[in-house]
Amino acid sequence: MTPLNHNEFHGLRTFFSVPYEPRRGNNRPRNEQTIAKSRERICGFLGWLKQSGRFAKPSFVNFEDVHLFLDKYVEGYLRAIRGLSHGSIGNHVTAAIDVLKYRTAQSSGTGRLNPKANLKIARLMRTRNQEQTLAERERNETRQDSASSGIVWEQVLEAVRRQRLVMSKLWELSNEGREPSYKLAVEVQHYVAVAFYTCMPPGRSKEVRLLLGRILSENESQESLQNHIT
């Protein structure tokens, strides 16, 4: 990192962190963690410029080339080579917006965007918003898939009810001597294991699975769940 880069990052940090900065507009000051993540993403672009041989000493001024940043770096490298998600790409574009806002404030002294800078930031913001929209859509689809693939609470209660019926029937047959007692014992264990689940939050279901695993072999445990949770 060059001395120029150190000065640029120091100025960027001050610009976004001080409590009162008129050129920042109505935006609130950022915490150190947010600024550090933005610095990390900015360094990613500067490092890519140097490693790719485009610039020997890259600096914030290179963010002015929005075409290079979006088409070559974001699309050609972050998405095509690194395979970043829409949300991560949106964060990288936000870092570029930060740099341009900072540079505009430094050059104008007022923080007002000149028409050319405004067009560049507007293009970056459109891209960022598109990526964030796609990221939110992916998160919603993931939540829907998770909900559809899980076991709903009504199924758990139905499993307990069915297991109670099986246990009660075997209890009667065992008392009459028509079924061996070990079958009753196994079904009672099944019932206790499944009933425990209704007394525990879903996040604690690991204990139920372990309990079934200790009572039965792995194959028997899976077969029991398949027979009674359908």
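**View 1. Serine 59 is buried, with a relative accessible area of 7%.** Here, buried means under 20% relative accessible area, exposed means over 50%, and partly exposed is in between (1.4 Å probe, protein chains only). This is a predicted model, in which local features need pLDDT of at least 70 and side-chain atom pairs count only at pLDDT 80 or more, while totals for chains, interfaces and linings use all residues. Residues are numbered from 1 along each chain as its sequence is written, and side-chain values use heavy atoms, with hydrogens and water left out. Serine 59 sits in the loop between H2 and H3. Helices (H or I, at least four residues) and strands (E, at least two) are DSSP runs, numbered from the N terminus. If you look around serine 59, you'll find Leu4, Asn5, Glu8 and Leu46 touching it, leaving out residues up to four places away in sequence. Touching, or contact, means heavy atoms within 4.5 Å.

**View 2. Zoom out for a moment: the protein has nine helices and zero strands.** Read from the N terminus on, its elements go α-α-α-α-α-α-α-α-α. Of the 230 residues of the protein, 31% count as buried. Now pick out the contacts between residues at least 6 apart in sequence: 59% of them join residues at least 24 apart.

**View 3. Ile42, Phe63, Phe69 and Leu124 touch the most other members of the largest nonpolar core, which has 31 residues.** A nonpolar core is a set of buried Ala, Val, Leu, Ile, Met, Phe, Trp, Tyr and Cys residues joined through side-chain atoms within 4.5 Å. Who chips in? Helix H1 (3-17), helix H2 (32-51), H3, H4 and helix H5 (115-149) each supply at least two residues of this core. H4 gives the most, with nine residues.

**View 4. Isoleucine 42 lies in helix H2.** Its relative accessibility is 0%, so isoleucine 42 counts as buried. Skipping residues up to four places away in sequence, isoleucine 42 touches Phe9, Leu12, Phe60, Phe63, Ala95 and Val99. Try finding aspartate 98 too: it is 56 residues from isoleucine 42 along the chain, yet their C-alpha atoms are separated by 9.3 Å.

**View 5. H2 and H4 cross at roughly 95 degrees, and their axes come within 9 Å.** Axes are lines fitted to C-alpha atoms, for helices over the stretch in contact, and angles run from 0 to 180 degrees between N-to-C directions. H2 and H4 are therefore roughly perpendicular to each other. (Angles under 35 degrees count as roughly parallel, over 145 as roughly antiparallel, 65 to 115 as roughly perpendicular and the rest as oblique.) From H2, the contact uses Ser38, Arg41 and Ile42, and from H4 it uses Asn91, His92, Ala95, Asp98 and Val99. That makes a mix of three nonpolar, three polar and two charged residues. For this sorting, Ala, Val, Leu, Ile, Met, Phe, Trp, Tyr, Cys and Pro count as nonpolar, Asp, Glu, Lys and Arg as charged, and the others, Gly among them, as polar.

**View 6. H1 packs against H4 at an angle of about 90 degrees, with the axes 10 Å apart.** So H1 and H4 are roughly perpendicular to each other. On the H1 side you'll see Glu8, Gly11, Leu12, Phe15 and Phe16, which meet Asp98, Val99, Lys101, Tyr102 and Ala105 of H4. Sorted by type, the residues of this contact are six nonpolar, one polar and three charged.

**View 7. Helix H3 (residues 66-79) and helix H4 (residues 86-108) cross at roughly 155 degrees, their axes coming within 11 Å.** H3 and H4 are therefore roughly antiparallel to each other. Val66, Phe69, Leu70, Tyr73, Val74, Leu78 and Arg79 of H3 make this contact with His86, Ile89, His92, Val93, Ala96 and Leu100 of H4. By type, that is 10 nonpolar, two polar and one charged.

**View 8. Leucine 124 and threonine 127 both touch Leu70 and Val93.** Besides those two, leucine 124 touches Val66, Phe69, Ala96, Ile97 and Leu100, not counting residues up to four places away in sequence. Threonine 127 lies in helix H5. Threonine 127 has 16% relative accessibility, so it counts as buried.

**View 9. Asparagine 27 sits in the loop between H1 and H2.** At 43% relative accessibility, asparagine 27 counts as partly exposed. Look for phenylalanine 16 as well: it is 11 residues from asparagine 27 along the chain, and their C-alpha atoms are separated by 8.7 Å.
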